[in-house]
Amino acid sequence: MHDDIPLTVGRVTRVLKERILPAVHAESVPLTAQWHELPGEPVPPAEGLALDYTPYAVGTPWGAAWGTTWFRLTGRVPAHWAGRRVEVVADLGFDRDMTGFQCEGLVYRADGTPVKSLNPRNQWVLVADEAEAEQAVELYVEAASNPILVAGNPFVPTREGDIVTSSSTRLYTTGRLDLAVFERDVFELALDVEVLLGLQAELPAGPRRMRVLQALDDAMDRLDLQHVAATAADARAALVDVLAQPAEASAHAISAIGHAHIDSAWLWPVRETIRKVARTTSSMTTLIDETDDFVYGMSSAQQYAWIKEHRPEVWERVRAAVAAGRFVPLGGMWVESDTVMPSGESLVRQFLHGQRFFETELGIRCRGVWLPDSFGYSPALPQLMRRAGFEWFFTQKISWNQVNTFPHHTFLWEGIDGSRVLSHFPPMDTYNAQLSGSEVATASRQFRESRHASGSIAPVGWGDGGGGTTREMTGTASRLADLEGSPTVRWEHPDAFFDRARGELAHPPVWVGELYLELHRATLTSQHRTKQGNRRTEHLLVEAELWAATAAVRTGTAYPHDELDALWQQVLLQQFHDILPGTSIAWVHREAVEQYGRVTEAAEAIVARSLAALVGEGGVEVEANAAPFERSGVPAGGAVTREPATHEPGAYAVSLSERDGGWVLDNGVVTVTVSADGLVTSAVDVATGREAVARGRAANLLQLHQDVPNRWDAWDVDRYYRNRVTDVRDVSALTASVGEDGVARVVVERRISPASTVRQELSLAPGARVLEISQETDWHETETFLKVAFPLDVRAEHVAAETQFGFHRRVTHTNTSWEAAKFETSMHRFVLAEERGFGVALVNDSIYGHDVTRDVDGDDVVTTVRLSLLRAPRFPDPGTDQGVQTHRYGLVVGADADVATREGALMGTPARRVTGAHGVDPLVTVTGEGIVVSSVKEAADRSGDLVVRVYESLGGRARGTLRLDLPVASVATVTLLEEPLEEPLEEPLGGGELAVVDGAVPLVLGPFEVRTLRVVRA
């Protein structure tokens, strides 16, 4: 026979697009439309329904950027439609290819009941399954005119990303606002044809493909293209046999879960996300009602909380669907956060607040962590997931790697402490699946554990306000449930998938260490003010908890649970993976900075109240130290009175002398030379005589790079950025002095460019081994990356970068493509370059990105560490990092992991001075090398118990003692959720109740172990 495959496929494709799909709603009548454009922000639904409406003509432009327009649609069902399914079809001006990134609507009945959303791929609203003659129709649409910011070239700079700069031009034009008959046979025929077209495209040459193609030809022959609705059933009959053939016994099994990945902010502000969530959940509860087996999953307790607060009528539908097991809370976190930059305490609070909300409000405890879209995953995460009670982890993002293909799909992920968690990456390589033929075939073809495991997960639905799963997708799933030549598909809770995978994979492959995303590396730097706000507020909230808990024990002051919960939840929201990484529109980051200011003010007030209660009334100066290390004689977690400073020169007084137009600073611990051009040319550890700065090089050297990535402006830095570099050496002013506090300071002022300036203050305190740099940059660059370089006289085969509750070692070579891809990496408060017997660390208070290179210069090996300070991408916020920015960082000479940990913590939590009558003894002290107190707080259940968290910081086994300066009834190891440990456990978490002798609790910790202790007060 002749090869007629292209002819058949072309024929079927055209008929489907031009005749079948339009015939689903071919018989229609226009509705009467009225409208009301709001002049400002959205109003509650009750107010929207009560607005004054004026006539509206279809085709009239509507909706300026970020505006809200209410439409009132009325009409009557024609008498001859009686008994048929009737729907409203509303095209608000949609672009079907831009789901989730444009206008959207939520439909209400006249009584205020929400019905479902209107989206580009979901434009229908049910009127009645069996309509009555002359049945009245009255619906209201709350339509949001969100601007399309990613059309065409998606990285063109735009001012539409903030309501204060956006255009007043109306953006959308309605296409149709009709009442229509829903032709069920036509709709089902369309699905039959789409599924079989997709199937045949993936089948190998052979009988099955040929018979599918012949059946499609037969169906087209039976279909009268002038009377599609009347002949659709007959056309479907030609497809029954090929659709009824069962799948092979070994077919890949896809566990589908309805999904609508909704970024909590990104190319829209938080206020719009609240509405996106309401629209999507309305549609998903409607779809649940109309199907028997569909299961929908949604993460982020914050989004559920928004529904409860802002759309209580939607909330009740969600609660009912959750109770029925059809609407599945996923992830157990407050939001789908970034996991690389938040502190360890922040990640703990993501789990604590997320799980407590789900359990309190919905009676659900999530068993797994669901993070499909975050930009890489910290190696500390496996332990934290395990200790929070999670059994599995799901993501998809690593499939976006630029260079290396990840070798597993279902595997054990091992963290820095040795904890392992069963993990899964969907081989479909998407979290917005449509269950197309190519998608399901890709899942089967790519799945790397097929020798032992039977299937994979597919999150199915349009995300980001695209409306979630559609009835077309559920119809597709039913056809793929058991179809020859295709993987099988069933709607299933992810828990069931992981239970099955655990049974199938007796010895899963293991991935050790960070899940580094070989993309979006610049998210460690973009939007510095947002990152600075995160670091400072997460530290400040831990400090507020410490002083509030101490005041509660010492003075009986009420612990401010409600205040702290609200403040933490605001910070947790802003750790969402498009806010903290700096990849949202200007509106989002403007609000984030404002919110950090409000959190700071409120947290500072808690600290002030608590310290005032603790130190009493008086005029004595008291220095309080919330850091986990002793500082200048002030114990960790305590406060001492200070005599007026006399500034007598001590054993480590700092001398300042001029040399060759520059300055030498010497405090007996380190000697630092600052050259005439304001650069650090020498930093010597006095005790050993070791030089930290590479010979002939200069440290604290600012460097500028042209920074235009191939795509994803705010997200990416591509490795070729290094090919063009400009050193910033010109000095406008150089001064030096020793202050009354005994600190030597060198002030350097420079002009970075005609538009930008920088001022640095280099300071060395008595007895310190840290040269601290405080920098203020007035930044007005475009597409430029600012780094500061420290070429070190250290042969470091690895560097240690702090992560949550420990550090992660990375090699400094590029032997393989995996190492070469890590040309920009993360840290928290320090990065340490070390050889046997000597090391140098860089510490900071708000920096996350850095790069490390190791070179040979003559006979010298030079390890260069560079901190990433500022960027200037133009999309999605063309004003990224513009204006005055501040940084604090320090060069620690003669450091090891212990010193780096201490100095990083001290820089992150400054001492504070208050006046009162007396000092404060710490509630909690620890002894034992490497054991660090992470937090002291009251228990979240408001029982009055104390929760103390400690961790081993050096990567070794540690023994020590926790001493509690309060009456104690009992102490027990608990989970990160502050609950008793449950047995059996795959790995020991440290036992249950602990012995307490005179307030002392013995501690034995493994490498990087995090231990949470619950203290019941006597």
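Select Ala 972 and Glu 993: Glu 993, in strand 51, is the bridge partner of Ala 972. Strands here are DSSP runs of E with at least two residues, and helices are runs of H or I with at least four, both numbered from the N terminus. This is a predicted model, where local features need pLDDT of at least 70, side-chain atom pairs count only at pLDDT 80 or more, and totals for chains, interfaces and linings use all residues. Residues are numbered from 1 along each chain as its sequence is written, and side-chain values use heavy atoms, with hydrogens and water left out.

Now show residues 968-974. That is strand 50, joined to strand 51 by 2 bridges in antiparallel fashion. Two strands count as paired if DSSP finds at least two bridges between them.

Widen the selection to the open sheet. Its 5 strands pair antiparallel in the order 47-48-53-50-51. Strand 47 (931-938) and strand 51 (993-994) are the edges; each has a single partner strand, so one side of each lacks a neighbour in the sheet.

Add residues 528-555. This is helix 15, lying across strand 47, strand 48 (946-952) and strand 53 (1010-1017). Helix 15 runs at about 65 degrees to strand 47. Contact means heavy atoms within 4.5 Å. Axes are lines fitted to C-alpha atoms, for helices over the stretch in contact, with angles from 0 to 180 degrees between N-to-C directions.

Next, jump to residues 670-674 and 680-685. Strands 27 and 28 run antiparallel there, joined by 5 bridges. Thr 671 has Val 684 as its bridge partner. In the hairpin, with 5 residues between the strands, find Gly 678: its phi is positive, near 80 degrees.

Stay on Val 684. Its bridge partner in strand 29 is Glu 691. Finish at Gly 689, in the turn of the hairpin of strands 28 and 29, with a positive phi of about 75 degrees.
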